[in-house]
Amino acid sequence: DQVGQLEDVERLGCAVLHRPPVIFLDEPTSGVDPISRRQFWELIHQMAHDGVTVFVTTHYMEEASRLCDRVAIMDHGKIIALGTPLELIESLGADQIIEFRVTKEIPDEALTSLPAVSHLHKRGDDYSLTVGEMGIALPALLAEIKRQESELVSLTTHQATLEDVFVSLTGRMLREG
């Protein structure tokens, strides 16, 4: 509801009106439409630019990447990683992710031994490989799928993100709880 979201932006504006040195925001854009989310982000960036220390708790890893100079990843109430978004992403040891699903299960060892693969995460029928060199890993993966007499159902690739760091460190997706 747009009226409620406008009220949220107004409440945040009132909270920072007296220019506090530190502000804590708990899930500031949860349930907010994309336009209001960007308004929140602009306001948070402006506060940080003005010298306000802003602590943000969020489950949205894109939000953490965009807003935060430093990120602490927590699992079961404990900090398990701390650094800049780039440092955390680089800690994966790779910058590309291949996510895929196949018709017939492939043994973990067959995937982890592929060239340029640094990590495997499997969740049900979904596989995720962290790779250092896409041009080497992808052809090797396709050849292995064929060798295993399986077929691709889906395949996507993307740059590594904070969400990939979270999954790698905790072994679970954010929505698994």
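This report describes a predicted model of a protein, taking in turn its confidence, aromatic contacts, charged pairs and selected loop residues.

## Confidence of the model

The model is predicted, and the protein averages a pLDDT of 85, with 88% of the residues scoring at least 70. Among the elements of the protein, helix H1 (residues 2-16) has the lowest mean pLDDT, at 63, whereas helix H5 (residues 108-112) has the highest, at 96. Where pLDDT is low, the predicted coordinates should not be read in detail.

## A stacked pair at the surface

A search of the whole structure finds two aromatic pairs. One of them is formed by Phe24 and Phe55, whose rings are stacked, with 4.8 Å from centre to centre and 10° between the planes. Because Phe24 lies in strand E1 and Phe55 in strand E2 (residues 53-57), this pair ties together parts that are 31 residues apart in sequence. Strand E1 itself covers residues 22-26.

The two partners fall into separate accessibility classes: Phe24 counts as exposed, at 62% relative accessibility, while Phe55 is partly exposed, with a relative accessible area of 43%. Both rings also belong to a nonpolar surface patch of about 320 Å², which Phe24 and Phe55 make together with Val22.

## A buried stacked pair and a neighbouring set of strands

The other aromatic pair joins Phe100 and Tyr127, and it too is stacked, at 4.9 Å centre to centre and with 5° between the planes. Phe100 lies in strand E5 (residues 96-102) and Tyr127 in strand E7 (residues 126-131), so the contact ties together parts that are 27 residues apart in sequence. Both Phe100 and Tyr127 are buried.

Strands E5 and E7 are also linked through charged side chains: Arg101 forms a salt bridge with Asp126, the closest N and O atoms being 2.8 Å apart. Since Arg101 lies in strand E5 and Asp126 in strand E7, this pair ties together parts that are 25 residues apart in sequence. Arg101 counts as partly exposed, at 31% relative accessibility, and Asp126 likewise counts as partly exposed, at 31%.

## Salt bridges within helices

The structure holds four salt bridges, including two that are formed inside helices and are described here. In helix H3, the side chains of Glu62 and Arg66 meet at 3.1 Å, N to O; these residues are four apart, about one turn of the helix. Arg66 is partly exposed, with a relative accessible area of 42%.

In helix H6 (residues 134-147), Arg147 and Glu144 are three residues apart, which means that about one helical turn separates them, and their side chains meet in a salt bridge of 3.0 Å, N to O. The two ends of this bridge have opposite surroundings, for Arg147 is exposed, with a relative accessible area of 58%, whereas Glu144 counts as buried, at 9% relative accessibility.

## Other arginine contacts

Arg37 lies over the face of Tyr60, at 5.1 Å from the ring centre. Arg70 is found in the loop between helix H3 (61-67) and strand E3 (71-75), where it is exposed, with a relative accessible area of 53%. Although Arg70 and Leu88 are 18 residues apart in sequence, their C-alpha atoms are 9.4 Å apart in space.

## Helix H7 and residues with positive phi

Helix H7 (residues 162-170) contributes several buried residues, namely Leu162, Asp164, Val165, Phe166, Val167 and Thr170. The helix is followed by Gly171, whose phi is positive, near 75°.

Positive phi values are also found at residues that are not glycine, among them Glu27, with a phi of about 50°, and Glu149, with a phi of about 60°. Glu27 lies in the loop between E1 and helix H2 (34-49) and counts as partly exposed, at 21% relative accessibility; with the boundary of the buried class set at under 20%, this residue is therefore not classed as buried. Glu149 has its place in the loop between H6 and strand E8 (152-159), and it is exposed, with a relative accessible area of 65%.

Note on methods: Residues numbered from 1 in each chain as written. Predicted model: local features only at pLDDT ≥ 70, side-chain atom pairs only at ≥ 80, totals over all residues. Heavy atoms only, no water. pLDDT = per-residue confidence, 0-100. Patch = residues over 30% accessible without salt bridge, like charges linked within 9 Å, V, L, I, M, F, W, Y side chains within 5 Å. Areas by Shrake-Rupley, 256 points an atom, 1.4 Å probe, with all protein chains shown as cover. Phe/Tyr/Trp six-rings, centres within 6.5 Å; stacked < 30°, edge-to-face > 60°. Buried < 20%, exposed > 50% of the residue type's maximum accessible area, 1.4 Å probe, protein only. Lys NZ or Arg CZ within 6 Å of the ring centre and 35° of its normal.
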